[in-house]
Amino acid sequence: MGHSDINMQKALTRLRIYWQIWFTIAKYAYQETVLNRWTNSLFLFGKIIRFSMTLLFLFLIKQNIHGFAGYTTDQVIIFYLTFQVTDTLAQMFFRGVYEFSWQVRSGELDFYLSKPLNPLFRILTGKPDIIDATFFLPTILVSIWIASQLDIHITATSLVIYFFLMINSFLIATGFHILVICIGVVTTEVDNVVMLYRDTTSLTRFPVNIYSEPLRTALLFLIPVGLMNTIPAQVLLNIPPTRTILYTCLVGGGFFLFSLFAWKQSVKKYTSAGG
Amino acid sequence: MSKYLQVFSITWQNGFAYPVSVLFWRLRQFLATFMSLTVWSVIFMGQTTSFGYSRPEMITYVFLIGFLQSMILATVLGNLAEDIYQGKISYQMMKPINMFGFLAAQDFADKLKNFGFVIAETIILFFLFRPQITFPAWPVFGFFAVSVILGAILLFVIMLLFGVVGFWSNETWGMRFLFYMFIDFTAGRLYPLSILPKFLQTALFYTPFPYFSYVQSQIFLNKYSAVEITRSLVSLVIWILICTFVFRYFWKKGLREYGALGH
């Protein structure tokens with residue numbers, strides 16, 4: 001057996017361990033959700049209402065307005081549906097981040113740091129959101145059905161690039177959640193920071209072109225939430241993207257690497273004294 | 001009275017104890033209003049009226065909702081159910097101060113703090129969007145002010161109602177989430193209730209949701225006749241009385257079952 005084969009086997013074993021840990025955590029999260037089924041069904045109902053009412057608003061706009069900042073109202077609906085996918089995906093996987101301040105204050109983070117497992121993985125994926133997971137599949141199906149009813153131009157190539165860019169979007173979303181954790185380690189403040197991230201991404205329910213400068217540039221570079229939703233939707237619709245695909249991927253990748261660097265720096269500042 | 005002023009003063013100071021949290025909270029409110037103003041500015045680029053609103057009316061509506069959400073919907077009573085469930089209110093009930101007066105003083109201090117921020121945010125947004133805001137005549141403004149106060153009282157009583165659930169369960173976050181979701185589309189920043197289909201509007205007026213911001217905004221925008229204003233104010237009072245009655249019933253029932261040790 002060659003050296004590279006041994007390394008590959010080790011990597012696969014490691015991957016299997018991570019999968020087993022995540023699966024166990026997800027199983028516990030599911031059990032917790034079922035245990036509080038009354039409250040969680042209210043959450044699910046609330047999410048359905050929010051999704052339906054925003055769609056209703058967009059369809060009402062479609063009936064009353066012909067154009068929206070150079071886009072057709074059908075195209076604007078695709079921007080919203082793209083936002084919905086990235087937003088739900090990030091919440092589905094990274095809900096654990098929302099409880100991170102408690103882990104710092106209580107000293108629970110010490111246990112994560114001392115275990116032979118990447119602490120960032122443990123914090124990020126510590127509590128998958130089963131309600132969002134339940135919500136995700138039906139909304140995807142509804143979104144595909146809605147998209148099929150709209151007067152838009154989608155090709156096989158644009159669809160492939162769209163999926164590729166959505167992976168990039170997920171990478172940016174991961175980077176944002178890592179940055180939230182970094183702020184949490186240093187300040188113990190997470191709740192408002194993560195909600196601020198959510199509100200900033202909400203701006204991209206609509207194409208970022210509608211915002212005036214310098215906010216538009218900020219959303220496409222400094223806080224690249226614009227790259228998460230606007231660019232993939234533009235590519236899908238065969239509209240010339242506001243930023244090139246290469247730029248989008250470079251900024252996305254760079255942002256993710258920056259967040260990892262920030263994590264390493266913030267851990268050095270962790271004192272284990274709580275908040 | 002001085003003890004309630006003290007509570008007011010302490011809550012006010014507590015509100016600024018974590019300035020970063022306050023800053024982020026206000027920034028979030030600012031962003032939501034900013035997005036709505038941008039969306040409606042874009043919509044009105046190609047037309048003078050939309051959904052029965054002129055551009056100045058719709059921009060005024062968005063500004064107004066930002067103000068109303070901070071004044072009516074912001075509350076510090078979110079943890080009441082948890083406090084009851086864990087038995088923390090025992091300390092409160094032993095003190096020579098009316099518990100609801102105490103909570104009201106806290107809530108009022110929080111609303112006043114928000115008021116200061118809303119004014120500052122409105123000034124910034126005003127210079128960014130240069131809107132033409134329509135103001136009502138003084139008598140209408142008076143009715144508007146009364147409707148805002150009644151709306152704040154209604155929310156206070158409803159928050160107390162969520163609180164009494166704490167006598168039996170601490171699972172109130174789901175209920176409150178759903179409550180705010182309904183408010184979001186009945187008096188949201190993004191669009192007014194009146195753009196929704198008629199049957200939905202009619203159904204919603206059988207609930208208290210339009211009375212938290214939508215009705216107030218319509219009074220301010222001169223969209224209501226004298227009869228409609230009177231009907232709205234009477235409806236607000238009726239909702240307050242109904243919710244107070246239900247709250248008092250469950251509060252008394254809950255106190256009989258309350259164990260100071262909590263659950």
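In this predicted model, the domain assignment splits chain A into domain 1, residues 1-35, and domain 2, residues 39-269. The centres of the two domains, taken over C-alpha atoms, lie 25 Å apart. They do touch: 8 residues of domain 1 of chain A are in contact with 9 residues of domain 2 of chain A. On the domain 1 side, 7 of the touching residues are nonpolar and 1 is polar. None is charged.

Now turn to chain B and its helix α6, residues 99-129. How far should its 31 residues span? At 1.5 Å a residue, the expected span is 45 Å, and the end C-alpha atoms are 44 Å apart, so the two values agree. After α6(B) comes B:Arg130, with a positive phi near 45°.

Which residues of α6(B) are buried? Among them are B:Leu103, B:Ala105, B:Ala109 and B:Val118. The list also includes B:Asp107, B:Asp110, B:Lys111, B:Lys113 and B:Glu121. B:Gln106 and B:Asn114 are buried as well. The packing partners of these buried residues sit in chain B: α1 (2-15), α2 (19-43), α3 (55-73) and α7 (138-164).

Helix α2 of chain B leads on to the contact between the chains. That contact takes 32 residues from chain A and 28 from chain B. On the chain B side, α2 and α8 (173-186) each supply at least two residues. The largest share, 13 residues, comes from α2(B). By type, the chain B side divides into 20 nonpolar, 5 polar and 3 charged residues. α2(B) thus appears twice: buried residues of α6(B) pack against it, and it supplies the largest share of the chain B side that touches chain A.

Conventions: Residues numbered from 1 in each chain as written. Chains lettered and ligands numbered in written order. Predicted model: local features only at pLDDT ≥ 70, side-chain atom pairs only at ≥ 80, totals over all residues. Domains from an automatic or database assignment. Contact = placed C-beta atoms within 7 Å. Nonpolar A, V, L, I, M, F, W, Y, C, P; charged D, E, K, R; others polar. Helix = DSSP H or I, 4+ residues; strand = E, 2+ residues; numbered from the N terminus. Expected span 1.5 Å × (residues − 1). Buried ≥ 20, exposed ≤ 12 C-beta atoms within 10 Å, placed from the backbone.
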